[in-house]
Every structure is written in C-alpha cells, then in structure tokens.
Amino acid sequence: MEGSHVHEVAIVGAGFGGLGMAIRLKQQGTDDFVVIERGEDVGGTWWANSYPGCQCDIPSNLYSFSFARNPDWDRAYPMRDQILAYLRDCARRFGILPHTRLGCELLGATWVAAEQRWELETTTGRIAARVLVAAPGLLSEPWSPSLPGLDRFEGNAFHTARWDHSDDLAGKRVAVVGSGATAVQVVPEIQPRVARLHLFQRTPPWVVPHTDHPIRPELRELYRRLPALQRLSRAGIYALRETFVPGITRDRRWLRLQKALARAHLRRQVPDPELRRRLTPDYEIFCKRIILSSRWYPAIQEPNVDLVSSGITELRERSIVDGAGVEREIETLIFATGFRPAELPIAGRIRGRDGSSLAKVWGGSPEAYLGTTVAGFPNLLFLYGPNLNLGHSSIVYMLESQIAYALDALRTMRLRGAAEFDVRPGAQAAYNAELQARLEQTVWNSGGCGSWYIDRNGRNSIQWPGFTFEYRRRARRFDAEAYRLAAPA
Ligand code: NAP
C-alpha cells in the first residue's frame with residue numbers, strides 16, 4: 001500500500017463517468033482522490049473504440065458535460081476522435097491528470113469492515129479509500145460468439161472494440177458478423193477498400209436517415225460568443241428527445257411516425273423487393289437501439305457485398321461456412337457483436353460486507369438503488385449502474401444526475417459525522433420492484449426482439465423506463481432515510 005494513506009475517494013474508470021465525478025469532486029474542494037484507468041489514456045469507451053466510422057448517435061451539444069460546454073464541435077453528431085479530444089481536454093483543464101493512474105487495472109476491491117474503508121488491489125499496487133466510485137462503463141467488455149472452428153481459423157479475427165489497425169483490409173476478403181449500431185458504422189467505411197465483404201446479418205435493424213451535418217465555423221463562432229445560444233440548442237435537443245419516452249415506455253402509437261420514416265427510408269434506398277424483405281425488421285421499432293444511417297443500405301447493395309442471413313455454421317482454416325452450407329473464403333473476420341453489460345467482469349472483483357462479490361449477489365441480474373448503491377456494499381457508488389441506460393437520449397445527463405447524488409452522499413456523511421452508508425435492502429427491493437413493473441410495458445421487454453438489454457435470466461437490468469428528468473428529480477438529493485448510516489468505529 002502507498003504508505004498507510006486512506007484516500008477519501010477512489011474512482012475506477014476515466015471515461016465520462018469517472019472523469020465527471022473527479023471534476024465535480026475537485027470543483028467542490030476535495031483533492032484527496034485517485035482515478036485508476038486500465039486503458040493507456042482517459043476517454044473510456046471513446047478511447048477503447050477506434051473502429052473506422054465510430055461516431056456517437058446523440059447530438060454533440062447534448063453529448064457533453066453541462067459544466068464544460070464545447071463550442072468547437074464541428075459536426076452535429078460527434079466523431080470518436082473529437083469526443084476523445086474533448087475528454088482529454090476536460091481531464092487536463094480541470095486538473096484531473098495528476099490524480100490519474102493510467103494503465104492501472106482493478107484486480108480486486110474488498111470492504112474492510114473493521115476500518116470502514118475499501119482496499120483496492122490493482123496492477124500497479126494497493127490503494128485504500130473511504131469511498132469507492134465504480135465507473136467502468138456499460139459497454140466496456142467486448143463479447144463475441146464462440147463459433148465452431150474459430151480456433152482453426154488462420155486469418156485475422158478481432159472485435160470492433162479492439163480494432164486491429166495493423167490490418168488495413170485493403171483488397172481482402174472480409175466477413176463482418178453483426179448488424180447493430182457498430183456494424184452500421186463500420187461497413188460503409190471499409191466496403192470501398194475490401195475486395196469482398198460477407199455481411200452476416202442475423203436480425204435486421206430499424207434504420208432512419210441520419211441528420212448529421214458539419215457545424216459551420218460561423219455558428220461555432222456564435223456559440224463561442226453567445227454561450228446562451230448553445231445552451232438553447234442543447235435544451236431544444238434534450239426536449240425533443242424526451243418526446244420519444246411515452247412511445248418507448250407506454251404507448252406504441254407514439255412510435256408510428258418513426259416507423260413510417262424508417263419504412264420510407266428503406267423503400268427509397270432499396271429498390272429490390274426481395275432484398276427489402278430481408279432488411280425489414282419483424283419486431284417493434286426501438287426494441288433494439290434505433291439506427292441512424294444514410295449510408296448503410298447503399299453500402300450493402302454495392303457489388304462487392306454479400307448479405308448473408310442464413311447464419312454461420314463453422315469456420316475453417318481460410319473460410320467461413322454459412323447456414324446454407326456455402327463456404328466463403330476470407331482473410332479477416334470482424335466481430336461487430338457488441339457487449340454483455342449485465343456480466344461486467346468488474347462485478348466479480350468487488351467484494352462487500354460478507355465477502356461475496358457483486359457478481360455473486362447479482363447472479364447475472366444486476367440491481368441497485370437508483371442505479372447507484374447496492375445493499376451489503378457500503379460506501380460504493382456505481383456510475384452508469386443497473387437500469388440507467390437510455391434508448392433516446394444522452395447518458396451524460398444521467399451520469400451528471402448520479403454524480404450530484406454521489407456528491408450529496410459525501411456531503412451528508414460529512415455533515416452527520418458518518419463513516420459508512422449502506423442502502424437498506426427494503427429500499428433497494430421496493431425501487432427495483434417498481435422499475436421492473438414499469439419495464440414490463442416497455443418496447444424493450446415486449447417489442448418482440450432479443451437485445452443486450454435483457455440479461456441471461458430474462459430480466460431487463462439495463463434500461464431506465466422513464467423520462468430522464470424523472471431520474472434527475474429522484475436523485476437530486478441523497479435520501480439518507482433509505483440508508484443505514486454508521487458512525488466511525
Ligand atoms: P449490438 O447492438 O449488440 O449488435 C450486435 C450484433 O451482432 C447484432 O446484429 C447481433 O444480432 C449480432 N450477433 C450477435 N451474436 C451473433 C451470432 N452468434 N451470429 C450472428 N450475429 C450475431 O452491438 P453493437 O452494434 O456493438 O452496439 C452495442 C451498443 O453500443 C449499441 O446498442 C449502442 O448503445 C452502442 N453503440 C452506439 C453507437 C453510436 O453511438 N452510434 C455506435 C456503436 C455502438 P442479433 O440482433 O440477432 O442479436
């Protein structure tokens with residue numbers, strides 16, 4: 001351990017959540033905190049995902065911290081490099097880098113009851129802290145299927161979240177597995193340079209036209225001079241996006257317009273009726289994440305692309321065999337198969353009061369109180385925790401709501417002279433019973449699709465079933481009555 005110093009706060013992860021927490025802590029005068037990040041840089045998912053075409057599907061003016069406006073966004077929807085530059089700049093500007101250890105992975109975190117603190121074991125040493133903020137991100141662990149014969153395959157195989165930049169794909173025969181948000185961005189980028197692209201689509205996504213466009217330098221200048229104008233734009237985007245919530249969570253009739261838009265887009269871009277049939281989803285729009293793209297349908301109709309919907313039977317040394325038995329020679333295999341956020345490995349590394357890990361307590365179905373605190377895990381604050389993901393708006397808004405709650409928890413402890421907080425199991429159970437009842441009616445649970453929102457037990461442990469301002473209201477103050485507070489031992 002670094003001497004016997006016990007930090008006030010240890011933060012795991014330097015993405016939007018961890019950095020946001022660190023900045024807010026610092027702004028409130030707390031300097032005794034440490035941020036650990038397993039990546040070689042700050043940025044979280046935006047550092048880890050470097051695949052061609054990587055872009056956020058939430059508009060720039062909303063996908064940023066409210067306290068760190070950025071008049072320099074040059075596109076309506078930010079590209080990965082710009083988001084990464086923004087986060088690096090925030091870390092530097094707000095003085096977070098001196099607190100940050102990069103290339104430092106959490107191996108284990110144990111609650112030491114007698115001393116009312118967390119003890120962290122990391123790849124670069126031990127750290128002790130009164131409060132542990134886990135901000136590992138939701139989509140941080142790539143997942144790919146264990147296809148038969150994969151170990152025999154002699155070509156290059158990688159996941160989009162671990163893009164292999166040494167493979168330029170030029171003139172190669174390539175297979176892409178998946179047709180979700182990531183594949184839709186990757187395929188139009190790589191299609192022009194590969195010799196042949198075999199696209200394995202299991203379920204077609206709903207796709208609406210992209211409204212991305214460059215932000216003119218004059219407008220950026222205006223944002224610089226008149227910050228209120230950018231705040232107004234942000235508020236407008238925010239309000240517009242909240243109008244999707246009733247349709248997603250309660251009454252599907254509100255989704256008709258989006259569905260009509262997606263159908264018209266498909267008709268306009270795909271003239272062949274047979275291909276259109278294969279690209280038409282048979283589940284409700286928004287059940288899986290809705291896709292914004294004006295380039296997906298054109299790209300997959302290029303002559304060097306084969307859309308394969310018969311599935312994958314096996315891999316051989318230099319080929320992939322589809323469900324119809326057709327063998328396709330390939331040199332590179334790209335998994336655009338997403339993540340399993342209900343099975344985050346970090347949950348197996350955090351051990352609470354009785355020595356059990358979060359993973360054991362959760363059993364594949366994560367749950368928390370307000371998506372943030374877990375009974376039996378004192379002084380742990382989980383950012384982007386269970387049931388906080390959105391299908392319509394910016395996670396940064398949710399993170400800022402959580403961070404305000406976390407800061408109020410620290411303030412309350414100080415004011416009441418408490419050394420420990422632990423959410424009451426009853427409060428956690430009642431909160432989750434309410435959420436699960438509400439989720440039943442949502443399009444994610446009953447829209448007729450499979451998605452990463454539903455965990456291995458068939459429970460939706462991922463999505464927030466309401467307006468984002470409802471969450472902000474509920475998390476606006478630390479509700480000490482839902483907790484057991486303990487004085488210093
Ligand atoms: P995803 O949405 O989970 O899509 C995974 C794809 O892989 C699906 O098409 C899935 O088919 C397919 N797949 C999985 N296992 C397969 C198998 N054994 N055989 C064939 N196909 C298989 O993952 P993602 O595209 O990486 O996106 C994950 C999330 O990341 C998104 O929902 C979004 O929240 C976020 N994201 C956002 C952006 C953005 O901001 N624009 C971009 C990328 C990602 P099925 O549908 O049949 O399961």
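Okay, a bit of vocabulary before we start: Ala, Val, Leu, Ile, Met, Phe, Trp, Tyr, Cys and Pro count as nonpolar here, Asp, Glu, Lys and Arg as charged, and the others, Gly among them, as polar. Keep in mind, too, that what you're looking at is a predicted model.

Let's begin with the ligand. How many residues surround it? There are 23, and the closest are S179, T182, R202, T203 and K288. Sort that shell by class and you get 10 nonpolar residues, nine polar ones and four charged ones. As for where they come from, helix α4, which spans residues 181-190, gives the largest share, with three residues.

Now for some individual contacts. Which side chain has an N or O atom 2.4 Å from a ligand oxygen? That's T203. W452 also brings in its side chain, with a polar atom 3.1 Å from an oxygen of the ligand. With A336 we're talking about the backbone instead: a polar atom there sits 3.4 Å from a ligand oxygen. On its own, the ligand has 910 Å² of accessible area, and the protein covers 84% of that.

Okay, let's zoom out to the whole chain. It's divided into two parts: domain 1, made of 6-141 plus 340-486, and domain 2, made of 156-206 plus 245-335. Their C-alpha centres are 31 Å apart. On the contact itself, domain 1 puts in 30 residues and domain 2 puts in 27.

How much area is buried between domain 1 and domain 2? It's about 2400 Å², with carbon and sulfur atoms giving 54% of it. If you want names to click on in domain 1, go for Y51, P52 and V443. Those residues lose the most area to domain 2, and together they make up 26% of what the domain 1 side buries.

And here's where the two halves of this talk meet. Which domains feed the shell around the ligand? Domain 1 and domain 2 each supply at least three of its residues. So when you rotate the view, start from the ligand and look for both domains around it.

Methods: Residues are numbered from 1 along each chain as its sequence is written. This is a predicted model: local features need pLDDT of at least 70, side-chain atom pairs count only at pLDDT 80 or more; totals for chains, interfaces and linings use all residues. Side-chain values use heavy atoms; hydrogens and water are left out. A residue is near a molecule or strand if one of its heavy atoms lies within 4 Å of it. A polar contact is a pair of N or O atoms within 3.5 Å; within protein, one must be able to donate a hydrogen and the other to accept it, and residues adjacent in sequence count only if both atoms are side-chain atoms. Accessible areas come from the Shrake-Rupley method with a 1.4 Å probe; for residues, only the protein chains shown count as cover. Helices (H or I, at least four residues) and strands (E, at least two) are DSSP runs, numbered from the N terminus. Domain bounds come from an automatic or database domain assignment. Contact means heavy atoms within 4.5 Å. Buried area is the accessible area (1.4 Å probe) that two parts lose on being put together, summed over both.
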